[in-house]
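This report concerns local geometry and helix packing in one protein chain. The sequence and the model are shown first, and the description follows.

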Amino acid sequence: MTMLGTIRQFFESQLFSTEQESDQDRVCRLQLASAALMFELLKTDRHIDDRETHKLKEILTDRFQLPARQLQEIIELAEAESAAAVSLYEFTSLVNEHYDYDEKVQLIRHLWELAMADDDLDKYEEQMIRRTADLIYVSHSDFIKTKLAVRDARATEN
């Protein structure tokens with residue numbers, strides 16, 4: 001099996017729902033899809049800043065409350081995946097199949113938080129978030145609203 005196949009198999013096994021799915025399982029699926037796209041965003045500007053890495057870990061641990069084992073699996077897969085050319089479609093198609101609109105908007109918000117973590121919003125990061133928003137059918141107005149909300153929240157933090 002190729003690396004892409006291994007990654008896709010992992011995410012599909014974690015992302016696809018069953019009829020007996022609990023609310024906790026559904027939240028976990030969204031977290032994993034979000035994590036995959038966040039790792040893609042980190043690679044976008046070809047410079048991974050310590051602040052971005054810290055923000056990524058914060059989102060994955062504090063906000064998502066992932067178990068250490070699952071967090072480690074995601075990190076290992078993301079590191080392996082970064083060497084392969086994987087399109088956003090691989091992950092956004094899973095998001096489209098399984099998440100409602102509000103969850104998609106929340107994902108875009110997390111991507112903005114990650115992109116702005118180093119206080120330098122690179123044009124390629126913004127372009128990747130825009131492309132992701134388009135691929136998961138988040139409206140332009142929600143794309144802009146989340147960007148401004150994250151920017152304003154960061155301004156009040158500093």
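Y137 lies in the loop between α7 and α8. The model is a predicted one, and in it the phi of Y137 is near 65°, a positive value in a residue other than glycine. Most residues other than glycine have a negative phi. Y137 is exposed, with a relative accessible area of 61%.

A second residue with a positive phi is D119, which is not a glycine and has a value of about 60°. D119 is found in the loop between α6 and α7. Its relative accessible area is 53%, above the 50% limit, so D119 counts as exposed.

**Helix packing**

Two packed helices are described by the angle between their axes and the distance between the axes. The table gives these values for two helix pairs.

| Helix pair | Residue ranges | Angle between axes | Distance between axes |
|---|---|---|---|
| α7 and α8 | 123–135 and 140–157 | about 140° | 10 Å |
| α6 and α7 | 101–115 and 123–135 | about 175° | 10 Å |

For α7 and α8, the angle of about 140° does not exceed the 145 degrees required for a roughly antiparallel pair, and the two helices are therefore oblique to each other. Their crossing is right-handed. On the α7 side the contact involves E126, I129, R130 and A133, which meet H140, F143 and K147 of α8. By class, the residues of this contact comprise three nonpolar, one polar and three charged.

The pairing of α6 with α7, at about 175°, makes α6 roughly antiparallel to α7. Here I108, L111, W112 and A115 of α6 make the contact with E125, E126, I129, T132 and A133 of α7. The residues of the contact of α6 with α7 divide into six nonpolar, one polar and two charged. E126, I129 and A133 of α7 appear in the contact with α6 and also in the contact with α8.

**Aromatic pair**

How many aromatic pairs are counted in the model? The count comes to one aromatic pair. The rings of W112 and F143 have centres 5.2 Å apart, and because their planes stand at 50°, the pair is classed as tilted. W112 belongs to helix α6 and F143 to helix α8, and the pair links distant parts of the chain, 31 residues apart. Both W112 and F143 are buried. These two residues also take part in the helix contacts described above, W112 in that of α6 with α7 and F143 in that of α7 with α8.

**Individual residues in α5 and α7**

Is T92 buried or exposed? T92 is buried, with a relative accessible area of 0%. T92 lies in helix α5, which spans residues 89–98. Leaving aside residues up to four places away in sequence, T92 touches L37, T132, L135 and I136. Of these, T132 is also one of the α7 residues in the contact with α6.

Q127 lies in helix α7 and, in contrast to the buried T92, is exposed, with a relative accessible area of 51%. The C-alpha atoms of Q127 and T44 are separated by 9.2 Å, while the two residues are 83 residues apart along the chain.

Key:
Residues numbered from 1 in each chain as written. Predicted model: local features only at pLDDT ≥ 70, side-chain atom pairs only at ≥ 80, totals over all residues. Heavy atoms only, no water. Axes fitted to C-alpha atoms, helices over the stretch in contact; angles between N-to-C directions. Helix = DSSP H or I, 4+ residues; strand = E, 2+ residues; numbered from the N terminus. Parallel < 35°, antiparallel > 145°, perpendicular 65-115°, else oblique. Left-handed = near helix turned anticlockwise from the far one by under 90°. Contact = heavy atoms within 4.5 Å. Nonpolar A, V, L, I, M, F, W, Y, C, P; charged D, E, K, R; others polar. Phe/Tyr/Trp six-rings, centres within 6.5 Å; stacked < 30°, edge-to-face > 60°. Buried < 20%, exposed > 50% of the residue type's maximum accessible area, 1.4 Å probe, protein only.
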